[in-house]
Amino acid sequence: MKEETTATMAAAPTAGTLKYPETKKVDHTDDYFGTTVGDPYRWQETHDEELDQWIAAQNKVTQGYLGSIPFRNKIKDRLTQIWNHPKYGAPFKKGGKYYFYKNDGLQNQSVLYVQNTLESEPTVFLDPNKFSTDGTVALTALAFSKDAKYVAYGTASGGSDWNTYYVMEAATGKKLDDEVEWVKFSGPSWYKDGFFYSRYDAPNEGNKLANKNEYHKVYYHKVGTPQSQDKLVYEDKQHALRNFYGGTTEDERFLVLSASEGASGANALYYRDLTDPKSTIKPIIDNFESEYDVIDNIGDKLLVRTNKNAPRYRLVLLDPKKPQESNWKVLVPETDNVMNSVSFVGGRLIASYMKDAASEVVVFDTNGKRLNNVELPAIGTVAGFNGERNDKEVFFTFTSFTYPTTIYRYDIASNKASLFRKSDVDINTDGYETKQIFYTSKDGTKVPMFIVHKKGLKLDGNNPTYLYAYGGFNISLTPSFSISNMLWLENGGVYALPNLRGGGEYGEAWHKAGMTPNKQNVFDDFIGAAEYLIKEGYTSSEKLAVAGGSNGGLLVGAFMTQRPELAKVALPAVGVMDMLRFHKFTIGWAWVPEYGSSDNEAQFKNLFTFSPLHNIKEGVKYPATLVKTADHDDRVVPAHSFKFISELQAKGAPGNPYLIRVDVRAGHGAGKPTALVIQEAADTWSFVYQNMGVNPYPN
């Protein structure tokens, strides 16, 4: 990677030439336990014509800046080139046929194919690209009835979390008249000739992307009937902020309801024996102290992965009629590694573990006897092993930072994993190395970090470095392949991914170490990662970009307001920036166990110390900032990003650009069309290179 000369860079845009749009301020204050907090951009919480005009004005400035970066089109062209290869999902079997997803290369949405055998010619089963002309309607859910006669599928428009479910005949592809609306945080779970699903009441149309979601309910829809006749299965009128997910066991004997009070992972369990027409829904676990993931049933017992008295999870068999822990049969005890997931397939229990954020797969019999490990090609991440209890084969995917997603076929009886399909990527992935180091955070905690770069990298403190993290909600970041990141790596960049506290990489104790009131640990871990990369000579503060999305957007916002001098570029995407009001919108209330709430005095004081919106100071030079959000994001409503950039543009010292990029007809990220993904990546890398003074394509 070559640096631009001063003369060459002079033609490119500079922060000094930027004129930000005028942003209205209102005289609004709130009182939090005697502390008066101003909220001059409160008007941005309501989506109306005035806000649309402001978004358009901001986008015009941002696109003007990005459009004048001389190498932007070259970046987009290269991204398009390496993106344009067939991408396959792992096959799965239903009704004796194989199904798999495939994207030819640049299709906006992946297409679902079907074939009679693995060797026969596949045909299109369902093409989401036909849902809309611009690719902004995505396939979000898919479930076959037990006899594989019907398939229920969900769609979402513009990246919204709101889903609509439809039904079609699997054999003919005929779409039926069924249409189930206002589904959210659910999935269709079949029972006989219908399915269970969860929904909210129809929202106020005027603000359906911001209104608080309350009173989640479980319904049963029978194929061929209108939604108005759907049967209410379960509701909780006493607890407006509980979510309920209904799932059936493979043999359709049990309906299991998982109830959550927030996004911390802990849940309650309820069940109904569907073989008994007189049965009612009864509690199994009626508290929210631990996590319970029902895998399936074995006879009249439930197979459950849980962290109850096992922070790194164990697998137990419990009788729903006698659910006390003293009656559990422990099939697979807790180990030093985190039990990520379990599949019950082919008469075997296939458990995926995490060891220092990398995968390990172990096979057990139904009594919990360890049979063997599944051999993996390298250190990386496994997904899949989805199948039914009578299957003789199952498929899984393997990926790592420089190992494109590869599909393997696993023969269960012989314990043999064989290569089924690999990606044909126009990148030489052999020229890179990945290492995992452990650095020391502020309080002495050792934190792991993956570092990826070209072989032979010089540690001269001058390498452009992209530091990405998440740090929350028990979510683990593990090695995975990214076409976008490969552009960065092939141009000599360093990619660093630390596994911060708040994630699930080391179980529930690691998660809780980054929850309220310990959230500052997460920011300290991220700051520590940046300091390590600088100290060890990978990069300098002038060549460091920090990035994260959603909870990771909060992470970047806290980083840049606490240590603005430590990085040159900040990329907070769809971030939670207003920590005093996040719980007022859509599903934000579910994050209170993770963050705390401004309705509680002690938690307010804690939130106020790191809320990115409220810690922007007058006259401070912040990193070059590109805030990214979308107008249809109803997970983290875009008002968070709108307020943050408004405050940053008003208070930040000149010298670096403070811009916002608002996608239109897009949401929190899921289902985004390929064309928009590529354009966003091109804009992001262009912004990073420009502000580091680097031209990746000087000729």
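Reader: How many of strand 23's residues are buried?

Author: Five of its five, so to speak: strand 23 is mostly covered. Keep in mind that this is a predicted model.

Reader: Which residues of strand 23 point one way, and which the other?

Author: Arg314, Val316 and Leu318 point one way, while Leu315 and Leu317 point the other way. All of them are buried, Arg314 included.

Reader: OK, how many bridges join strand 22 to strand 23?

Author: Five, with strand 22 (residues 301-306) running antiparallel to strand 23. One pair to look at there is Val304, which stands opposite Val316.

Reader: And how many join strand 23 to strand 24?

Author: Three bridges, again in an antiparallel arrangement. Leu315 has Val332 of strand 24 as its bridge partner.

Reader: Where is Asn327 found?

Author: Asn327 is in the loop that runs between strand 23 (314-318) and strand 24 (329-332). Its C-alpha atom is separated by 9.0 Å from that of Leu317, ten residues apart along the chain.

Reader: Why does Asn327 count as partly exposed?

Author: Its relative accessibility is 43%. Partly exposed covers what lies between the buried cut-off, under 20%, and the exposed one, over 50%, so Asn327 falls in that class.

Reader: Changing topic to another loop residue. Where is Thr249 found?

Author: Thr249 is in the loop between strand 17 (243-248) and strand 18 (254-260).

Reader: Is Thr249 buried or exposed?

Author: Buried, because its relative accessibility is 5%. Leaving aside neighbours within four places in sequence, Thr249 is in contact with Phe254, Asp296, Asn297 and Leu302.

Reader: What about Thr402, which loop is that one in?

Author: The loop between strand 30 (393-400) and strand 31 (403-411). Thr402 is buried too, since its relative accessible area is 16%.

Reader: Which residues does Thr402 touch?

Author: Not counting residues up to four places away in sequence, Thr402 touches Thr429, Tyr432, Val452, Phe481 and Met486.

Reader: Sticking with strand 31, how does it pair with strand 32?

Author: In the antiparallel sense, over five bridges, with strand 32 covering residues 416-421. Arg409 has Ser418 in strand 32 as its bridge partner.

Reader: Which residue in that hairpin takes a positive phi?

Author: Asn415, with a phi near 55°. The hairpin of strand 31 and strand 32 has four residues between the strands.

Reader: Let's do the sheet with eight strands. What's its order?

Author: The order is 33-34-36-35-37-38-39-40; the sheet is open and the pairing is mixed. Strand 33 (432-440) and strand 40 (658-663) are the edges, each pairing on one side only. On average, neighbouring strands of this sheet are turned by 20° against each other, direction ignored.

Reader: Which strands does helix 11 touch?

Author: Helix 11 (residues 674-692) packs on this sheet and touches strand 35 (465-468), strand 37, strand 38, strand 39 (624-630) and strand 40. The direction of helix 11 makes about 170° with that of strand 39.

Reader: How do strand 37 and strand 38 run?

Author: They run parallel, and five bridges join strand 37 (residues 544-549) to strand 38 (residues 569-573). Among the partners, Gly549 is matched with Ala573 in strand 38.

Reader: Back to helix 11, at what angle does helix 3 cross it?

Author: At roughly 135°, and the two axes come within 9 Å. That angle makes helix 3 oblique to helix 11. The crossing is right-handed.

Reader: Which residues of helix 3 make that contact?

Author: Arg72, Ile75, Lys76, Leu79, Thr80 and Trp83. They meet a set on helix 11 that includes Val677, Ala681, Trp685 and Tyr689. By class, the contact has nine nonpolar, four polar and three charged residues.

Reader: And what's the angle between helix 3 and helix 4?

Author: About 125°, with the axes of helix 3 (residues 72-83) and helix 4 (residues 483-490) 10 Å apart. So helix 3 is oblique to helix 4. Their crossing is right-handed.

Reader: Which residues are involved there?

Author: Helix 3 puts in Ile75, Arg78, Leu79, Ile82 and Trp83, and helix 4 has Ile483, Ser484, Leu487 and Glu490. That contact divides into six nonpolar, one polar and two charged residues.

Terms used
Residues numbered from 1 in each chain as written. Predicted model: local features only at pLDDT ≥ 70, side-chain atom pairs only at ≥ 80, totals over all residues. Heavy atoms only, no water. Pairing = 2+ DSSP bridges. Helix = DSSP H or I, 4+ residues; strand = E, 2+ residues; numbered from the N terminus. Axes fitted to C-alpha atoms, helices over the stretch in contact; angles between N-to-C directions. Contact = heavy atoms within 4.5 Å. Buried < 20%, exposed > 50% of the residue type's maximum accessible area, 1.4 Å probe, protein only. Parallel < 35°, antiparallel > 145°, perpendicular 65-115°, else oblique. Left-handed = near helix turned anticlockwise from the far one by under 90°. Nonpolar A, V, L, I, M, F, W, Y, C, P; charged D, E, K, R; others polar.
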